Amino acid sequence: MFPQLRSLWKALWNRSQIESELDAEMRFHVESRAQDLLRSGLSREDAHRRARIEFGSIGSYQEKVRETRRVTWLEDFAQDLRYGWRVLRKNPGFVVVAVLTLALGIGANTAIFSVVYAVLLKPLPYAKSDELFNVFEAQPQEGITGTGWSFMNFAELREQSHVFSEMAGVQKHQLTLTGQGAPAVVNTSVVTPELFSLFGEKPLAGRVFFSEDGKPGALPVVIVSENLWRGTFGADPKIIGSSISLDKRSFSVIGIMPAAFRFPFLTKSEQLWIPPVQDPLFGSWMNRRGGHWLQVTGRLKPGVSLTQAQAELDALSARFAKEFPAENGGWTIRMVPLQQMIVGNAKPPLLVLLGAVGLVLLIACANIANLLLTRATSRAREIAVRTTLGAGRARIVRQLLSETAVLGLLGGATGIALAYWGVQGLSALLPESLPRVNAIRVDNVVLGFALLLSAIASCAFGLAPALFAANSNLQTSLREGGGRSGESRNRRRARSFLAAGEIALAMVLLVAAGLLLRSFANLTSVSPGFDVQRVMKADISLPQFQYSKPQQWTAFSDELLARIQVQPGLQESAVAVPRPIVDGVINLAFDIVGSPAASASASRTANYVSVSPEYFRVMGIPLLSGRLFNRRDVMPSQHITVVSKAMARLYFPNQDPLGKQLTVAFPFDNGAPREIVGIVDDVRDVALGQDPGPMMYVPFAQAPFWGANVIVKSTLSTSSAAATIRQQVRKIDKDLPVTDVAMMPEIIQASVAQPRFRTFLLGLFAAMALVLAATGIFGVISYSVSQRTREIGIRMALGAQSENVLMQVLKEGARLAAIGLALGLAGSLAAMRLIATLLFRVKPADPLTFVVVAVILAGVTLAASYIPARRATRVDPMVALRYE
Amino acid sequence: MPEQAQLLPGTLDLLILKAVSLGPLHGYGVLLRIEQITRGALLAEQGALYPALSRLEHQGLLASEWGTSDNNRRAKFYRLTTSGRRRLREETQSWNRLATAIGAALGAKPQEG
């Protein structure tokens, strides 16, 4: 190839020189010839004429010379492709099977890769996003692996850091926007003013925050997102400088950010940004050293290593711990790439899916390789003739590979079409909780991956058959009439190996699917400890500037519950903050009055829930001993709590917790002790897959929140119940929005969307693997039967019974199954350790799953061998003996 | 002069490689050398030599450079490259195989029976 490139280069760059050289060369020839002819006695004139005639047309030969300079290897390749296409066209059945098999593999891989690429690999949509890091605080002794910052710690970090060029802190919040039609809850990002310069983002209109906007006493300002401006504000051209009302407080709009900029809400396009000092909740936290609420992102200076950065953070955390031991003792500062932080725990399941779909492609390739091996055997003679006529081994391999390249191209193209379709299907299936789902599409990178995969796959299934074919013995191939019985032992072995390998790979996938399926069944059948059939939830958040006193919060929830109670179709209702699985948890430290205070390394914590008295009845949580809350448990009376069974067992072993008193680190408690008056059964409050931990319940009236997270038992449809609730809320305060009305069972279903998604996909891949492996085995056995038609005929002529023949063929299938299952068992045991973290209440080496999978595979293998075996028994000895 | 035969199609490349393998030659020299080693087999037109030379050079089997001919004129000289030498060896073997096979086929006598 190299000399050709060189002469191509010469041809391109020295065109005129080449032309004149060509002319000179031919002229030299003709003149030399004329000289010789002259010497042999011709006249000068005759000699020149004769020489020119003997040479022929100089012009046309120059043209022919030019033709030879074109890039012939490309033309060879094109010719091979054309030839490959012609050969393949004669075998449409083979082509359809091979192309579809490959397309299935490529399509599935491309679709999954598009998800993996968008979620895990694609750079974040920010300038130089690899410089961005999430900087967080952690308290290893208490098992706090990562949390936010207090504003005061963050401010010092930002001022004193030498390794970060810019840092900003954010927190998400929801505020109520009024005055623009119906009151609405908007996604509010509480951000320090540096956020926009950190990301290097310019506003669409107006300005971003100045550092003065973040100082105490500054006027309330807000930046809105482009989509919020276009939607809620109807693209009002005069919005900059106008006032909007958030939580009933007036904010002046100073800028619009383009729709492409999304942070810290990554998937929601409608949001707004305010400085922390203006936030009704976080604003009051700014001058506290304790508290961990600000999520900090920093841009590392170019050339600063991670070690340097971490060293600076370590020095800072040591100083914090020394200067403010109460708030910072035991805390460390860590950093991870922002991308990694956003991806979170989505990575392992996606990699498992990618691995699984890769195995499917491998099985598909093995199938096609088997088909090609079969074809190569019957084409041995054609290849032998080519070799005799002078085709080199490399040339033969190249030609056969070109055929597989045609297959690969067709398969790849079909696969890409399948992938487009698959990505659409996937998008509908994808759990909403998966980060960056909106970035999933078949883009150039994904297309490149598909093409690369097709090329690699073509080589994978094409190379072995091509090498086998090129190695075949000329003498034998030519002598044997049709090449029918001319199959070498090696090739037969290769085919059996491929088929057994397919069974093994299919087993790995089936076991994985089986384990995930069992684990998902366990997950959905686990009892959460509460019963929420016909229970729905609704959120009402109270504007904190209007509803600033805890008494107002209690009064609002009391009135709302009383109103809901009397509506037809709505039954009992309750408020609870937070509700299990729906809302996340509040984990608080507490001390037991009369017991020694817990050390920092073994502090007592429990999940804390503030509920109205009806809560336990609505949720169906049984009381085990003592009493529940009632309407008389209000702020002035004795502070009480009800604890869960797990809490009683963990913190009061061998004691009766009733009557014991706790002091809870909740701001409004102000250290007042709470008496334990009852014990209730455990509930899974974090997630269905997480065992219940210690929990304490307190009366809402004694620990109110500035919102009403309502649960309502109802016999109405979701929408009519929502309408009724909205109507009642409006009667109390017309500016309060009611959001997120939904049936609890649906939310709990949605909470297992990720396991459901991966279980479904892995099940799909396992099914594909099973079908592919079955067709692979069917192909191998069928071919082996057709190869031995003559032998079978002879045996039957000599008196063999059809049962004997049947058994003989089935035995061959059984042998394949045995080898495949043995390999698959070893492979599965090794591979299942990789998915151990995805399993719930089932061991990676679950015997039941392994046995069931082995039985299924053995059954499928035998069934796939049975069809050709039946055919073998119907062989007519007379026909078979003539069969060649 | 011995009886003149046309060159078999497809053999020109092989003959050029053979001719050049004995030492560097310019185009006209290649022609003379082929006439010599084939004892006078002829090209239909001498110009046909040049596309063949160009193709072989393009495939990296020949290399060329400009030099001075016997009669002191500038001429383009061709010599065999390493891969050209290898190709010549392979083509010779392949040719011999085919020639033997065809020779045997043509020389076969009908079997008695």
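**Close-up views of a predicted two-chain model**

**View 1. Strand β18 of chain A has one covered and one uncovered face.** In this predicted model, strand β18(A), residues 661–664, turns Leu662(A) and Val664(A) to its covered face. Gln661(A) and Thr663(A) belong to the uncovered face of β18(A). Strand β14(A), residues 587–592, pairs with β18(A) in the antiparallel sense over 3 bridges. Within that pairing, Leu662(A) of β18(A) is the bridge partner of Ile592(A). β18(A) also pairs with strand β19(A), residues 674–680, in the antiparallel sense and over 2 bridges. Here Gln661(A) has Glu675(A) of β19(A) as its bridge partner. Leu662(A), a residue of the covered face, is thus shown with its partner Ile592(A), and Gln661(A), a residue of the uncovered face, with its partner Glu675(A).

**View 2. Helix α7 of chain A lines up its buried residues on one face.** Helix α7(A) spans residues 151–160, and its buried residues are Phe151(A), Asn153(A), Phe154(A) and Leu157(A). Seen down the axis of α7(A), these buried residues fall within an arc of 155°, so they line one face of the helix. An α-helix has 3.6 residues a turn, so residues three or four places apart point the same way. The buried residues of α7(A) pack against β3 (164–178), β10 (295–300) and α10 (306–323) of chain A. The exposed residues Glu159(A) and Gln160(A) are carried on the face of α7(A) turned away from its buried side.

**View 3. Chain A is divided into four domains, with bounds given here by residue number.** Domain 1 of chain A covers 2–70 and domain 2 covers 129–345. Domain 3 of chain A is assigned to 347–524 + 753–882, and domain 4 to 544–734. Taken over C-alpha atoms, the centres of domain 2 and domain 4 of chain A are separated by 31 Å.

**View 4. Arg49(A) is a residue of helix α3 of chain A.** Is Arg49(A) partly exposed or buried, and why? Arg49(A) counts as partly exposed because it has 14 C-beta neighbours inside 10 Å, whereas a buried residue requires 20 or more. Ala34(A) is 15 residues away from Arg49(A) along the chain, and 8.2 Å separate the C-alpha atoms of the two residues.

**View 5. Chains A and B meet in a contact that takes 24 residues from chain A and 18 residues from chain B.** On the side of chain A that touches chain B, the elements that give two or more residues are α1 (2–13), α2 (15–39), α3 (44–55) and α4 (58–68) of chain A. Which element supplies the largest share of this side? The largest share comes from α2(A), with 7 residues. By class, the side of chain A that touches chain B has 11 polar, 7 nonpolar and 6 charged residues.

**View 6. Chain B contains an open sheet of 3 strands with antiparallel pairing.** The strand order in this sheet is β1-β3-β2 of chain B. Strands β1 (25–26) and β2 (62–68) of chain B are the edge strands, each pairing on one side only. Strands of a sheet pair through backbone hydrogen bonds, either parallel or antiparallel. Between β1(B) and strand β3(B), residues 74–80, the antiparallel pairing extends over 2 bridges, with Leu25(B) opposite Tyr78(B) of β3(B). β2(B) and β3(B) run antiparallel and are joined by 7 bridges, with Leu62(B) opposite Leu80(B) of β3(B). The hairpin of β2(B) and β3(B) has 5 residues between the strands, and Asn72(B) takes a positive phi near 60° in this hairpin. Helix α1(B), residues 12–21, lies across β1, β2 and β3 of chain B and runs at about 100° to β3(B).

**View 7. Chain B is shown as a whole, with 4 helices and 3 strands.** From the N terminus on, the elements of chain B follow one another as α-β-α-α-β-β-α. Of the 113 residues in chain B, 29% are buried. Among the contacts in chain B with a separation of 6 or more, 51% are accounted for by residues 24 or more positions apart.

Note on methods: Residues are numbered from 1 along each chain as its sequence is written. Chains are lettered from A and ligands numbered from 1 in the order in which they are written. This is a predicted model: local features need pLDDT of at least 70, side-chain atom pairs count only at pLDDT 80 or more; totals for chains, interfaces and linings use all residues. Two residues are in contact if their C-beta atoms, placed from the backbone, lie within 7 Å. Ala, Val, Leu, Ile, Met, Phe, Trp, Tyr, Cys and Pro count as nonpolar, Asp, Glu, Lys and Arg as charged, and the others, Gly among them, as polar. A residue is buried if 20 or more other C-beta atoms lie within 10 Å of its own, exposed if 12 or fewer, and partly exposed in between; C-beta atoms are placed from the backbone. Two strands pair if DSSP finds at least two bridges between them. Domain bounds come from an automatic or database domain assignment. Axes are lines fitted to C-alpha atoms, for helices over the stretch in contact, and angles run from 0 to 180 degrees between N-to-C directions. The arc is that of the directions from the helix axis to the C-beta atoms.
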